[in-house]
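Reader: Got a minute to walk me through this one? I'd like to start with how the chains meet.

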Number of protein chains: 2
Amino acid sequence: MARQATGAAQRVAVASEALRDEKFNARRIELAEAALETLGELGFARTSLREIAQNSAFTHGVFHYYFSDKLDLICCCVRHYKAKCVTRYDEVVTTARSRDELTEGFLAKLAATLRDEARMHRLWYDLRSQAMFEPAFRKDVLEIDKSLEAMIWRIATRYAELGNRKPASSPAALYALFDGLFQSALLRHLANDEKAVPDLLEEVRRLLPTIC
Amino acid sequence: MARQATGAAQRVAVASEALRDEKFNARRIELAEAALETLGELGFARTSLREIAQNSAFTHGVFHYYFSDKLDLICCCVRHYKAKCVTRYDEVVTTARSRDELTEGFLAKLAATLRDEARMHRLWYDLRSQAMFEPAFRKDVLEIDKSLEAMIWRIATRYAELGNRKPASSPAALYALFDGLFQSALLRHLANDEKAVPDLLEEVRRLLPTIC
DNA sequence: AAATAATTTGGACAACCGTCAAGACGGTTG
DNA sequence: CAACCGTCTTGACGGTTGTCCAAATTATTT
């Protein structure tokens with residue numbers, strides 16, 4: 001029955017349903033974005049749905065209308081967060097015409113990220129730690145980790161290419177190194193350590209030539 | 001008045017007070033140890049004082065008698081946790097008589113740690129992330145981080161020494177590298193990735209000769 | 001042995017949590 | 001116009017939380 005009903009009526013129905021879905025999803029992302037604001041401020045442990053709602057233009061009921069439960073909301077936040085992060089350095093990679101240019105571009109973006117988006121990044125580290133306890137987070141977190149590793153790898157291979165070399169270590173090791181450095185610098189920066197940013201930059205500047 | 005009263009009576013009083021303090025502190029550590037059990041199981045976000053008490057031989061009131069509040073308890077846990085961790089590889093470092101011996105000893109301990117103490121370590125990463133939100137944690141966390149960095153550095157310098165060389169990178173970079181690798185391996189291991197441990201060992205085995 | 005202090009118990013409290021549901025709102029369709 | 005739909009608001013619910021406290025118990029001193 002459903003098979004045969006491929007007329008105009010069904011096409012319209014399908015189209016309108018797709019439109020609704022799209023609208024629904026757009027709203028979800030709007031809500032996730034608002035939630036990220038509070039999550040970045042308070043962290044996962046201290047953030048409640050009511051707090052999220054109060055810090056946004058929405059009421060707490062809306063969140064339950066668009067998300068089946070709290071984990072669903074947080075998962076959506078994490079996935080949305082991913083898209084923002086993974087391409088951060090891509091423009092520098094594609095436009096740089098020399099090693100120095102790439103180095104400086106990378107360092108500048110690194111410093112700006114640490115300074116301007118500290119809250120979003122501490123949330124990322126928070127959620128990645130939560131994934132060690134909460135299985136529901138793992139899939140998304142591991143996926144983001146992979147994407148970030150690939151992002152670092154793109155920088156490294158481009159850097160090596162500009163010097164007619166090849167990276168000296170594996171993507172995993174390289175990502176671990178930069179992630180560890182960034183995490184440490186972030187904590188120090190949040191603890192009002194003035195030297196956190198310059199120390200990170202100095203360390204990365206010294207490291208880059210040794211890995212390729 | 002207090003200055004002049006340096007007789008036997010005061011000495012006794014001071015001694016008995018010191019004894020009380022010591023006993024008080026021993027109890028605190030007992031409680032902290034019990035709390036760590038539950039914290040490692042559930043993580044910081046999901047652990048309540050009542051849950052801690054229920055999973056231990058104590059009642060929830062005792063915790064409030066020995067700790068001014070929840071943060072005080074967690075801080076004590078973190079500090080106590082530190083002492084356990086920081087000397088983990090020291091025996092291997094002092095007994096190894098060759099590079100190979102050190103490598104194999106280190107790798108064996110690394111694998112055992114990842115397998116047997118996964119819960120304690122995910123708690124460490126959880127608390128370190130929490131420190132990005134909760135200023136009260138920062139001092140202790142930064143201190144532990146420094147101790148762990150020194151621990152890695154002891155391994156690296158000994159490894160270099162056994163080959164008549166010097167480490168090629170800074171303590172901070174080296175710690176960042178190993179910490180990043182371990183953190184990633186831990187997450188994969190907790191996600192039931194069978195290859196997490198062997199992959200880490202392989203990576204470290206390949207890395208060690210390149211850093212010294 | 002009596003008195004004093006330290007420790008422990010377990011319940012009470014207000015505040016907060018995630019969840020849910022009854023109904024209001026506004027636009028679209030019949 | 002009325003019926004209906006997706007969207008949103010609001011308040012209530014059972015349960016949990018950190019905190020506090022008065023009473024009970026144990027240890028220590030006099």
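Author: Sure. 100% of the interface residues of chain B are also interface residues in chain A, so the copies meet through the same surface. Contact here means C-beta atoms, placed from the backbone, within 7 Å. This is a predicted model, where local features need pLDDT of at least 70, side-chain atom pairs count only at pLDDT 80 or more, and totals for chains, interfaces and linings use all residues. Residues are numbered from 1 along each chain as its sequence is written, with chains lettered from A and ligands numbered from 1 in the order in which they are written.

Reader: OK, how many residues does the contact take from each chain?

Author: It takes 30 residues from chain B and 30 residues from chain A. On chain B's side, α9(B) gives the most, with eleven residues. Helices are DSSP runs of H or I with at least four residues, numbered from the N terminus. By class, chain B's side has 18 nonpolar, six polar and six charged residues. Ala, Val, Leu, Ile, Met, Phe, Trp, Tyr, Cys and Pro count as nonpolar, Asp, Glu, Lys and Arg as charged, and the others, Gly among them, as polar.

Reader: And what turn lays chain B on chain A?

Author: A turn of 180° with a shift of 0.0 Å along the axis, giving an RMSD of 0.1 Å. That is the relation of a two-fold axis. In chain B, the C-alpha nearest the axis belongs to B:Leu177, at 2.0 Å. The superposition is by least squares on C-alpha atoms of residues with pLDDT of at least 70 in both copies.

Reader: Back to α9(B). At what angle does α7(B) pack with it?

Author: About 125°, with the axes of α7 (residues 118-130) and α9 (residues 171-190) of chain B 11 Å apart. That makes α7(B) oblique to α9(B), as angles under 35 degrees count as roughly parallel, over 145 as roughly antiparallel, 65 to 115 as roughly perpendicular and the rest as oblique. Axes are lines fitted to C-alpha atoms over the stretch in contact, and angles run from 0 to 180 degrees between N-to-C directions.

Reader: Which residues meet there?

Author: B:Ala118, B:His121, B:Arg122 and B:Tyr125 from α7(B) meet B:Gln183, B:Leu186, B:His189 and B:Leu190 from α9(B).

Reader: Switching to the DNA: how many residues surround strand C?

Author: 18, and the closest include A:Ser48, A:Asp69 and B:Gly61. Near means a C-beta atom, placed from the backbone, within 6 Å. α1(B) has the largest share of that surface, four residues.

Terms used
Helix = DSSP H or I, 4+ residues; strand = E, 2+ residues; numbered from the N terminus. Contact = placed C-beta atoms within 7 Å.
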